Amino acid sequence: MSRLLVEALAVAAKDLRTEFRTRVALNALGLFALTVLAAVSYTVGPYRISVEDRPFLLSVLLWIVIFFAALAGLDRSFVKEEESHTAPLLRLAASPTAVWLGKLGFNIVLIYFLMAILVPLYCILMGYKIQLVGGFVLILVFGGYTLAVITTIVAAIIARALTRGALFSVLSLPLLLPLLIFLIQGTAGAADGTAETVTNTLRAVLSMGGIMTIVSAMLFPVVWSD
Amino acid sequence: MRVADILKWLLLGWLAVVIVAAFFYVRPAEGFIGESSRIVFFHVPMAWIAVLAFLVSCITSVMYLKRREPKDDIRASVSAGLGLLFAVLATTTGSVFARIMWNSWWNWDPRQTSIAILLLIYAAYLALRGAIDDPERRASLSAVYAILAFVTVPFLVFVVPRIYWSLHPDTIINTRGSNEFDLRYTQVLMASLVGFTGLYIWLYTIGCRIEAIRQRRRQEVL
């Protein structure tokens, strides 16, 4: 077990180090998010939407920005191994589960990094007032985790296919849409102060994240070593 | 006559009786505009087959990953193709009902949302199959995707419509666990479910045979 963790941490550390050298995924995620945020904030702004519509509509826009930014960059973790032909060596160096854990860790770091910059900026620029801040943070944390789990396994699949870029969104979105629906409703609930919606959402997101984690852990060795 | 032929004629007869019964045996249900409630005898079985086909696709995918037999991959892909067909039919019949009852073809009701996502999942699965050349890799990767996608189905079918407010009439298995159709409705609906399941099995076996022949031909050419 400890060996697995050591290997997983090594994979994640390696990915983070190479990422900070080239910053391909970070640039894709960050610039995409900032560009869309600028566009949304310029065209919609804080006052274009009426006060009663704000909790829901701003929640929709926030999650669309986060999801599409994630789709722009989270496939890098596996695609770059195939593109630079380092995947066979990684297969020899670490067990499949360790690779999966490491890549998942890397994607989680990326998505939390994105959220840490984007969400406060969004709230300031769009004038998004959150009543239940604790619930909002929990939704972001668990939503980001589930998003990372799903995109990690899909990235592993598409890295082995031919048309990678387009396929990543095509395969990820149907799996992500239920999550997107939950997160939008939950965030709207957190914004207008309905605690019940927040707890319902957290239950749904947590169960989805848990199931996806287990299924991914079981299926990843097939995708990786095939 | 072979057993398969007898079964085929039985199935056709059964479905003919179901169709006649759907229009003449039951009265239109209360609370629904005109004759619109009759669509339930076709809409519900189609939605059921769409989910059943996905279940079969998931099970055969698991079997493929265990045994690595090409025929399991054929089964999974044929079932996914049929699932897509029935999901389109369920969406269309549901949309017709929505137009009559709620005066709009499409209004992103949770039920409509979940069937639309189901359609997307099937389409994505078939897109993935199209994007991989190597047959073995295609089989195992699409098997993984089918299983992943199937895990999200319970969230779509059971969680999304339960958490959020919906216009959709209660499903057969509703939140209170009771069946509120009257007896004749139940009879015809169950008969229709059996008939459509038979239709699915028939189409599925034909599809598997055709695909097996196609693959053998491809190997002969190579």
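This briefing walks through how confident the model is, where its two chains touch, and how some of its helices pack.

What you're looking at is a predicted model, so local features are described only at pLDDT of at least 70 and side-chain atom pairs only at pLDDT 80 or more, while totals for chains, interfaces and linings use all residues. Residues count from 1 along each chain as its sequence is written, with chains lettered from A and ligands numbered from 1 in the order in which they are written. For the complex, the predictor gives an ipTM of 0.85 and a pTM of 0.84.

**How confident is the model?**

- The score to know is pLDDT, the predictor's confidence in each residue, from 0 to 100.
- Chain A has a mean pLDDT of 88, with 98% of its residues at 70 or more.
- Helices here are DSSP runs of H or I with at least four residues (strands are runs of E with at least two), numbered from the N terminus.
- Within chain A, confidence bottoms out in helix H4 (residues 76-83), at a mean of 84, and peaks in H7(A), at 93.
- Chain B has a mean pLDDT of 82, and 89% of its residues get to 70 or more.
- In chain B, helix H5 (residues 135-163) has the lowest confidence, at a mean of 82, and H2(B) the highest, at 89.
- Watch residues 172-178 of chain B: pLDDT stays under 50 there, and the model has three contacts beyond four places in sequence for them.
- Where pLDDT is low, the predicted coordinates should not be read in detail.

**Where the chains meet**

- Two residues are in contact if their C-beta atoms, placed from the backbone, lie within 7 Å.
- By that rule, 26 residues of chain A touch 27 residues of chain B.
- On the chain A side, the elements giving two or more residues are helix H7 (133-158), helix H8 (164-192) and helix H9 (195-225).
- H8(A) supplies the largest share of that side, with 10 residues.
- Sorted by class, the chain A side has 21 nonpolar, three polar and two charged residues.
- For those classes, Ala, Val, Leu, Ile, Met, Phe, Trp, Tyr, Cys and Pro are nonpolar, Asp, Glu, Lys and Arg are charged, and the others, Gly among them, are polar.

**Helix packing in chain A**

- Axes are lines fitted to C-alpha atoms, for helices over the stretch in contact, and angles run from 0 to 180 degrees between N-to-C directions.
- Angles under 35 degrees are roughly parallel, over 145 roughly antiparallel, 65 to 115 roughly perpendicular, and the rest oblique.
- Helix H6 (residues 96-126) of chain A packs against H7(A) at about 135°, with the axes 9 Å apart, so the two are oblique to each other.
- Their crossing is right-handed; that means the near helix is turned clockwise from the far one by less than a right angle, while anticlockwise would be left-handed.
- The contact of H6(A) with H7(A) has 11 nonpolar, four polar and one charged residue.
- H7(A) and H9(A) have axes that come within 9 Å and cross at roughly 25°, which makes H7(A) roughly parallel to H9(A).
- That crossing of H7(A) and H9(A) is left-handed, and their contact has 20 nonpolar, eight polar and no charged residues.
- H6(A) has 31 residues and spans 43 Å from first C-alpha to last, close to the expected 45 Å (1.5 Å times one less than its number of residues).
- Right after H6(A) comes Gly127(A), with a positive phi of about 60°.

**Helix packing in chain B**

- Helix H2 (residues 40-67) and helix H6 (residues 183-221) of chain B have axes that come within 9 Å and cross at roughly 45°, which makes H2(B) oblique to H6(B).
- Their crossing is right-handed.
- Residues in this contact include Phe41(B) and Trp48(B) from H2(B), and Phe196(B) and Tyr200(B) from H6(B).
- By class, this contact has 14 nonpolar, two polar and no charged residues.
- Helix H3 (residues 70-102) of chain B has 33 residues and reaches 47 Å from first C-alpha to last, close to the expected 48 Å.
- Asn103(B) follows H3(B), with a positive phi near 60°.
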